[in-house]
Amino acid sequence: MSEPAVHESADAARERHATNLELFLDLVFVLAITQIATLISHDPTVGGLFRGLLIAWLVWWQWSQFTWVGSAIDLQAVSATRLIVLALIPVTLVMSVSIPTVYEDGGFWFAGTYLGILLLVLLVQGRTAWSDELTRTAFVRYASTMVVAPFVVLVGAFAHGHMRTGLWVAAAVIDVVAAARAGSAGEWTINPVHFAERHALFVIISLGEVLVATGVTASAIGLTGETVLGIVVAVAVACVLWWTYFAYIPEVAEHRLAEAKGLDRGRFARDFFTLGHFPLVAGLVMYAVVAKHLVEHPTDELGTHDRWTLALSALFFIGGLMGIQYRAIRRVAPERVVALVAIAALAVLGRWLPGALVVALVAVAIGVMQAITLRRMRPR
């Protein structure tokens, strides 16, 4: 049987970058990331961390829908979509403001706005996909499942305690199932340059939260020798994490996405970016919480929750790098496994060491890991 023809629109084939409208929209998600870090910081237990990451997933999924539709069409170029996005910005802002109280009385505000935003974006996405049989097939398979998730989020807002959390976990599972169904048939219109750039920008947003958390905390305390030490050490890790991602990943990912055709392009975009980048974002959000607490008392030992949040942030970020590396080239850099073991050991030893020293050693471990990885790649 012959292979089906590969359809690619002229817009998907040309190089197109993120628009000013998308960057304006991203400013709302800057606040959302800050609010998620605040939610976790207020309840730094295992349960609190899980609930915070659950909200991070729901917000990430919403941002991803904007990105998929924005990759299919230029949202800024068409007056109707431009007005829709502008109209959704204050609604998304309300959703972001509600996040710190999302498990209390802010749950309804979060769920109601979340539902409205996703349904409207899904409508724009469907109108775009309906014109071609291949993209229509993929969209119908996706939307027929995914549309259930925001309604489950809304129902969860009327529940309390573990019931609310359980319903929102179910919504997150529905999202993943919908993405899996979407990759089994049909195609998606994806602009490789735009899609890779949008995800790189969200990594920048998440790294920015580390700087914001560090700077705001230092401003509240006032500058002293200890505060400056905390700033330098906390930001050193952020700089090394920036290096591990931006040294080559956006370019390699864009190239790999451009090489993929038809059904494979949609699957790669889903696995490498939509699913694969969430652990990176979650790791950075968790590290922002640790950075905030480090600046407050850099010469004291990190608390138990902070030490294990630090270890988990590394597990998510470095583990995420391993996941997307395996998806792209079917191999995993062994030095990343070694770095994770070293950081876990530092989390244990941090019970007796100053927090600034522990975090500085984490920066060294990640830096050495990245240097080895780059040396392995250089011959390629």
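Helices, in the sense used here, are DSSP runs of H or I with at least four residues, numbered from the N terminus. The exercises below concern a predicted model.

**Exercise 1. Determine in which helix T81 is placed, and whether T81 is buried or exposed.**

Solution. The place of T81 is helix α4, which covers residues 79-97. To classify the residue, recall that buried means under 20% relative accessible area. The relative accessible area of T81 is 9%, so T81 is buried. Leaving aside residues up to four places away in sequence, T81 touches I73, D74, L75 and V124. As for its separation from E197, the two residues are 116 apart in sequence, while their C-alpha atoms are 20 Å apart in space.

**Exercise 2. Describe the overall fold: how many helices and strands does the protein have, and how does its radius of gyration stand against the globule rule?**

Solution. The count of secondary structure elements gives 16 helices and 0 strands. The radius of gyration is 21 Å, close to the 21 Å that the globule rule gives for 380 residues, and the protein is therefore as compact as a globular protein of that length. Taken along the principal axes, the box filled by the C-alpha atoms is roughly 65 × 55 × 35 Å. The next step turns to burial and contacts: buried residues make up 53% of the 380 residues, and of the contacts between residues at least 6 apart in sequence, 81% join residues at least 24 apart. Finally, the protein exposes about 16,100 Å², of which carbon and sulfur atoms supply 68%.

**Exercise 3. Work out which residues the salt bridges of R198 join, and which helices are tied together.**

Solution. Begin with the charges of the whole protein, which has 26 positive and 27 negative side chains, the centres of the two sets lying 6 Å apart. Side chains of opposite charge can pair when their charged atoms come close. The structure holds 5 salt bridges. In one of them, the side chains of R198 and E22 meet at 3.7 Å, N to O. Because R198 lies in helix α9 (residues 192-221) and E22 in helix α2 (residues 20-42), this pair ties together parts that are 176 residues apart in sequence. R198 also forms a salt bridge with D26, the closest N and O atoms being 2.7 Å apart. D26 lies in helix α2 and R198 in helix α9, so this pair ties together parts that are 172 residues apart in sequence.

The accessibility of the partners is the next step. R198 counts as buried at 1% relative accessibility, E22 is buried with a relative accessible area of 5%, and D26 is, like R198, buried.

A further salt bridge joins the side chains of D43 and R51, at 2.8 Å, N to O. Here D43 counts as partly exposed at 26% relative accessibility, and R51 counts as partly exposed at 24%. Through shared partners, salt bridges join E22, D26 and R198 into one network.

**Exercise 4. Locate R330 and state what sign its phi has.**

Solution. R330 is found in the loop between α14 (304-329) and α15 (334-349). As a point of reference, most residues other than glycine have a negative phi. R330 is not a glycine, and yet its phi is positive, at about 60°.

Note on methods: Residues numbered from 1 in each chain as written. Predicted model: local features only at pLDDT ≥ 70, side-chain atom pairs only at ≥ 80, totals over all residues. Heavy atoms only, no water. Helix = DSSP H or I, 4+ residues; strand = E, 2+ residues; numbered from the N terminus. Rg over C-alpha atoms; globule rule 2.2 N^0.38 Å. Buried < 20%, exposed > 50% of the residue type's maximum accessible area, 1.4 Å probe, protein only. Contact = heavy atoms within 4.5 Å. Areas by Shrake-Rupley, 256 points an atom, 1.4 Å probe, with all protein chains shown as cover. Lys, Arg positive; Asp, Glu negative; His and termini not counted. Charge placed at Lys NZ, Arg CZ, Asp CG, Glu CD. Salt bridge = Lys/Arg side-chain N within 4 Å of Asp/Glu carboxyl O.
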